[in-house]
Amino acid sequence: MLCNHYAALLSSAATAGRSAAHVAAAVHCLVLRTLPHPPPTHLLNHLLTAYGKAGRYARARRLFDAMPQRNIYTYNALLTTLAHARLLHDMEALFASMPERDAVSYNALITGFTGAGEPARAARAYRALLREDTSIRPSRITMSAMVMAASALGDRALGRQFHCQILRLGFGAYAFVGSPLVDMYAKMGLIRDAKRIFDELEGKNLVMYNTMITGLLRCKMVQEARQLFEVMTDRDSITWTTMVTGLTQNGLELEALGVFRRMRVQGIAIDQYTFGSILTACGALSALEQGKQIHTYTIRTCYDDNIFVGSALVDMYSKCRSIRLAEAVFRRMTFRNIISWTAMIVGYGQNGCSEEAVRAFSEMQKDGIDPDDFTLGSVISSCANLASLEEGAQFHCLALVSGLMSYTTVSNALVTLYGKCGNIEDAHRLFDEMSFHDQVSWTALVSGYAQFGKAKETIDLFEKMLSKGVKPDGVTFIGVLSACSRAGFVEKGRSYFYSMQKDHGIVPIDDHYTCMIDLYSRSGRLKEAEEFIKQMPMRPDAIGWGTLLSACRLRGDMEIGKWAAENLLEIDPQNPASYVLLCSMHAAKGEWGEVAQLRRGMRDRQVKKEPGCSWIKYKNKVHIFSADDQSHPFSKGIYEKLEWLNSRMVEEGYKPDVSSVLHDVADADKVHMLSHHSEKLAIAFGLMFVPKEMPIRIVKNLRVCVDCHNATKFISKVTGRDILVRDAVRFHKFSNGVCSCGDFW
């Protein structure tokens, strides 16, 4: 009687939650004190099972080792315990030592492998089962586990074999096996097979419906999923969350928000997964107000401190361009994991806060969290945006040391980094070392060559990409078209533009049209640019009109220039480019009255020109310069270096281009103004401090002016230094008096 009582207590301990271990230990003490030694084997088997279900794997093992008599139930109890603990080595060793085995033994072994993410080993165990004594017959549990293994392997042939065996064993009508089959076929893209199994099953339960809806949404069969959802008489929170998640993943974020509202009205419990999906929808829509309302709801339901929801909130606010709100959520999180940190780092990068992204990455490392490939790729991308080669190179070393270099995400980010930092040779070397190239890899290198002004190499690389069967995207074509523009390949560029639509099915966006406007304008074919604009399906954006206006200034075409300026002002009245470029055109003709009128218009409309600045990084510190800047501690030496440079350049034939000075002053004053432009100050600083064997790297927030471009060529010649300037448009590499852009700048 006492044995039965203890056995009942141990059976109940399995469902006792957190107190299960205490109950099992208490009963164990009672057994030792009140029962003769050794206790009955069946009672010890109950105790072994209780310890296993309570997660006390070491105690279970000690009990097993101490048992004087064991039967197959004893072995199966420990085998199941080891399987749940993912102790695969111990599990296999115990299985091999078993004097006899039954279906339960094999089920424990197979589910242990599938649960630990080892589907291939599970398949081998199943084949061993089939070779075993014919008295052991696979059960529904066995076949369910094997279907999940085939699904994890993505092996269609193996999956169909298991399906045939399920039918032969007579398990085809069971929902327990049918649900994994539906899931397997859906994951393999065989949605018709999944639908057929679902339709043939009788007595379908809620799990089956949820599995089928998930499969339909995964295969982008939204209408069918919607119909099935609406005919369901019983729905749980998983059903609703599946719809919200699936609609979001299929780009139907507004409909996902509608389903979420219905879910709330019906009083369905909302969990972390629902919140995560609906916040993703808000982020995709940039729906800040709805996102804030859901944030409030997470606070009311005590989910705001959930690590999964907190990460989704950071991501949502980042995508809604509210980086400070994202930062506030992140700082309030009690616990942070790699997903939380990655969301914050990516958010900084998306919002132009690249320096903060790099700082956040350093904080994450101090917290003892190792980056994954996505996190490392994101911070490298931020370094690329900063043109920070030093920090980027450090992350390159981290990628090598951590073993993350093999991930395409990281390699692609490094190719982009070196391309944007002007090290196109290193970018190409990294590209060649990659074992696999996807669309992003090719696009990163194509864009790198394009930004560097190497049109022939860009086009050759693009053609090689096509020959490899890699499909280009819109970003790839932006790189190719811009390369054609900078090299003056008008016919080639026009051919690629129409091929993009006809052969690749890519609908042009504003950036593609701007490239075409630039293609015609840069080559002096302003009339063709005008005709192209008039035939466009939409009006150009501000960048498109600004591109045309800039070309009109260089070519002195006042008529088309005024037309471009009027349209630019209509689209963006606060854009200073229209005023500045028109001022420059009038100033070149000596029409100072027109210049004064335009300046009055700027003052009346409170339009402010963005001040030009250039910066150079030296010994991990960024040195920023503006025109006529006297604030730098080494100003005296910098201006002395400039005086020396000016005299040497004049000796070599340099003549300042005063046409860009928009002031009615004497030419001597104009020359003085030009000599103190920000990029010249930064270059002088670089000549003073950057070692001779290293190139001088300058970043400028605006486009390099004609005079500075010409002057930098002369500086590279008289000093024998390589100078890399990254402006708002492209890269310029100056070496021995020549620029990489070939003066198609």
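Modeller: Before we start: helices here are DSSP runs of H or I with at least four residues, strands are runs of E with at least two, and the numbering goes from the N terminus. Keep in mind that this is a predicted model.

Colleague: Fair enough. How many helices and strands does the chain have?

Modeller: The chain runs to 745 residues, and 50% of them count as buried. Among contacts between residues at least 6 apart in sequence, 62% join residues at least 24 apart. As for the elements themselves, the count is 40 helices and six strands.

Colleague: Which residues does UniProt list for "repeat: PPR"?

Modeller: The listing comes from an unreviewed entry, and such annotations may be inferred rather than shown by experiment. In the model, residues 40-74 are 74% helix and 0% strand, with end C-alpha atoms 12 Å apart. For residues 473-508 the span is 75% helix and 0% strand, and the ends are 11 Å apart. The full UniProt list is 40-74, 102-136, 205-235, 236-270, 337-371, 438-472 and 473-508.

Colleague: Let's look at one helix. Which helices do the buried residues of α22 pack against?

Modeller: Helix α22 covers residues 354-366, and its 13 residues reach 19 Å from first C-alpha to last, close to the expected 18 Å. Its buried residues are Ser354, Glu356, Ala357, Val358, Ala360, Phe361 and Met364. An α-helix has 3.6 residues a turn, so residues three or four places apart point the same way. The packing partners of the buried residues are α20 (323-332), α21 (338-350), α23 (373-386) and α24 (389-402).

Colleague: And which residue just after α22 takes a positive phi?

Modeller: The helix ends at residue 366. Shortly past that end, a phi of about 80 degrees turns up, and the residue is Gly368.

Colleague: Are there residues other than glycine with positive phi? Start with Ser286: what is its phi?

Modeller: Most residues other than glycine have a negative phi. Ser286 sits in the loop between α17 (272-285) and α18 (288-300). With 45% relative accessibility, Ser286 counts as partly exposed. Its phi is positive, near 55 degrees.

Colleague: Then Cys302: buried or exposed?

Modeller: Cys302 belongs to the loop between α18 and α19 (307-319), and its phi is positive too, near 65 degrees. The cut-off for exposed is over 50% relative accessible area. Cys302 has 65%, so it is exposed.

Colleague: Now the interior. Which residues does Val147 touch, leaving out those up to four places away in sequence?

Modeller: Val147 is part of helix α9 (residues 140-153). Its relative accessibility is 0%, so Val147 counts as buried. Pro180 is 33 residues away in sequence, yet the C-alpha atoms of Val147 and Pro180 are 6.3 Å apart in space. The residues Val147 touches are Phe162, Ile166, Pro180, Leu181 and Met184.

Colleague: What about Phe198: how far apart in space are Phe198 and Val182, C-alpha to C-alpha?

Modeller: Phe198 is in helix α12 (residues 191-200) and is buried, with a relative accessible area of 3%. Beyond its neighbours up to four places away in sequence, Phe198 touches Val182, Lys204, Met208, Tyr209, Met212 and Leu228. Phe198 and Val182 are 16 residues apart in sequence, and their C-alpha distance is 6.7 Å.

Colleague: Ser411 is a serine, so I'd like its status. Is Ser411 buried or exposed?

Modeller: Ser411 has its place in helix α25 (residues 408-420). Setting aside neighbours within four places in sequence, Ser411 is in contact with Met405 and Met434. Buried means under 20% relative accessible area. At 6%, Ser411 is therefore buried.

Colleague: Last one, a helix pair. At what angle do α31 and α33 pack?

Modeller: Helix α31 spans residues 510-522 and helix α33 spans 542-555, with axes 9 Å apart. Angles under 35 degrees count as roughly parallel, and α31 and α33 are therefore roughly parallel to each other. The packing angle is about 5 degrees.

Colleague: And which residues in α33 are met by those in α31?

Modeller: The α31 side brings Thr514, Ile517, Asp518, Ser521 and Arg522. Thr514 counts as buried at 12% relative accessibility, and it touches Asp541, Ile543, Gly544 and Thr547, not counting residues up to four places away in sequence. On the α33 side, the residues are Ile543, Gly544, Thr547, Leu548, Ala551 and Arg555.

Terms used:
Residues are numbered from 1 along each chain as its sequence is written. This is a predicted model: local features need pLDDT of at least 70, side-chain atom pairs count only at pLDDT 80 or more; totals for chains, interfaces and linings use all residues. Side-chain values use heavy atoms; hydrogens and water are left out. The expected span of a helix is 1.5 Å times one less than its number of residues. Buried means under 20% relative accessible area, exposed over 50%, partly exposed in between (1.4 Å probe, protein chains only). Contact means heavy atoms within 4.5 Å. Axes are lines fitted to C-alpha atoms, for helices over the stretch in contact, and angles run from 0 to 180 degrees between N-to-C directions. Angles under 35 degrees count as roughly parallel, over 145 as roughly antiparallel, 65 to 115 as roughly perpendicular and the rest as oblique.
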